[in-house]
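Colleague: I have a model on screen and a few questions about how it is put together. Can you walk me through it?

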Amino acid sequence: MTASTRDPLVVCAGILVSDLFVPPLSEIPRPGQLVSIEPPLYQSGGCAANTGIDLATLGVRVRVSGRVGSDALGQQIIDELAATGVDTTGIVRSTTSTTSQTVVLSVSGDDRRFMHCIGANAEYTAAEIEASADGADILVIGGFVVLPSVEPAALINVMDRARASGARVLLDVVVPLGQRGVADQVKPLLTHIDGFLPNEDEAAVITGESDPVAQAKTLLAWGCPWVAITCGTDGAIYADSTQIIQVKPLAIDYVDGSGAGDAFTAGIVIGMLRQWPIEDTLRYAAALGASVCRGLGCHSTLFTEEEARDHMVHVEFRQIQESH
């Protein structure tokens, strides 16, 4: 197959995590209380794994880049990714750190609680992103801010070289509670990417604005080409230099919102690869994001291609602002 006819390659680089999902509880147990639960779910997670698995499941050629430990959990992540068709050659096994882990605790009618061990993600570097990005048509960097060894200046160089080689670069972030100086880390990156995909809480910390529309306007003013801010059960806000669009959520039977933003990102990537109008891309992304909320885990209930196309027509949106 020649380079001109090969399938496009998406590289998903960033955090890799072994997730333990506790089924929804009616309430947090009291100290010393024993409660009975349904079987918990062990599943690969983190931005790079989730988006990579979603894309591969939907037929996209994907390479995942990240760090895991030389332990059973690291092997579990590699095996699960490979089983979905992901190229795992970009994953490095650490000999000094364990695989990153997160316990996800859900309470009915309340938001999730996350207990996280950073593990091998702390060792991941911009050089490892670059080593895996060769040949990428789209490079998706997920989990910036919780990758302490990925320095902004080094990442800018990597992104610039990727874009010079013809790749489009998308950026996602993860912002820990109480993290300071996030705007100083993120702002310099925004003129070196093709699109930004934070959630509402992350965008609030970065911009200091509580309203997603104000967040989007601030990020555009800082030089971001376009931004899609996911807002949980309130849908999403998309903005570029010509328009601001409110994407309304698709009605589903909600169980667990984990991985919804990563599935939304996968939908954006697919729309970009297919050169769809932004309206169709947002509808498809919103349908995929909603689909993973129907069950426990980050990608257990992802729509098939046929299901996504059937449901995207039911996603509504409205123009908040148009260019003058």
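The exchange below covers cores, a sheet and aromatic pairs.

Modeller: Ground rules: this is a predicted model, where local features need pLDDT of at least 70, side-chain atom pairs count only at pLDDT 80 or more, and totals for chains, interfaces and linings use all residues. Residues are numbered from 1 along each chain as its sequence is written, and side-chain values use heavy atoms, with hydrogens and water left out.

Colleague: How many residues does the largest nonpolar core have?
Modeller: A nonpolar core is a set of buried Ala, Val, Leu, Ile, Met, Phe, Trp, Tyr and Cys residues joined through side-chain atoms within 4.5 Å. Buried means under 20% relative accessible area, exposed over 50%, partly exposed in between (1.4 Å probe, protein chains only). Leu55, Val64, Leu170 and Ile268 have the most contacts inside the largest core, and its residue count is 52.

Colleague: Which helix gives the largest share of this core?
Modeller: Helices (H or I, at least four residues) and strands (E, at least two) are DSSP runs, numbered from the N terminus. The largest share is 8 residues, and these come from helix H8 (residues 260-273).

Colleague: How many residues are in the second, separate core?
Modeller: Among its members are Ile141, Val173, Ala203 and Val227. The count for this second core is 45 residues.

Colleague: Which are the edge strands of the open sheet?
Modeller: Strands pair if DSSP finds at least two bridges between them. The sheet has 4 strands in the order E3-E2-E6-E7, with mixed pairing. Inside it, E2 (residues 17-25) and E6 (residues 101-107) run parallel, joined by 6 bridges. Pairing on one side only marks the edges: strand E3 (41-45) and strand E7 (113-117).

Colleague: What angle does helix H2 make with E3?
Modeller: Helix H2 (residues 72-83) packs on the sheet and touches E2, E3 and E6; contact means heavy atoms within 4.5 Å. Axes are lines fitted to C-alpha atoms, for helices over the stretch in contact, and angles run from 0 to 180 degrees between N-to-C directions. The angle between H2 and E3 is about 70°.

Colleague: Is the pair of Trp226 and Tyr238 stacked, tilted or edge-to-face?
Modeller: Rings of Phe, Tyr and Trp (its six-membered ring) pair if their centres lie within 6.5 Å; planes under 30 degrees apart count as stacked, over 60 as edge-to-face and the rest as tilted. Here the centres are 5.9 Å apart, with 40° between the planes, so the pair is tilted.

Colleague: How far apart in sequence are the parts that this pair ties together?
Modeller: Trp226 is buried at 15% relative accessibility, and Tyr238 is buried at 5%. Trp226 lies in strand E11 (residues 226-230) and Tyr238 in strand E12 (residues 236-240), so the parts tied together are apart by 12 residues.
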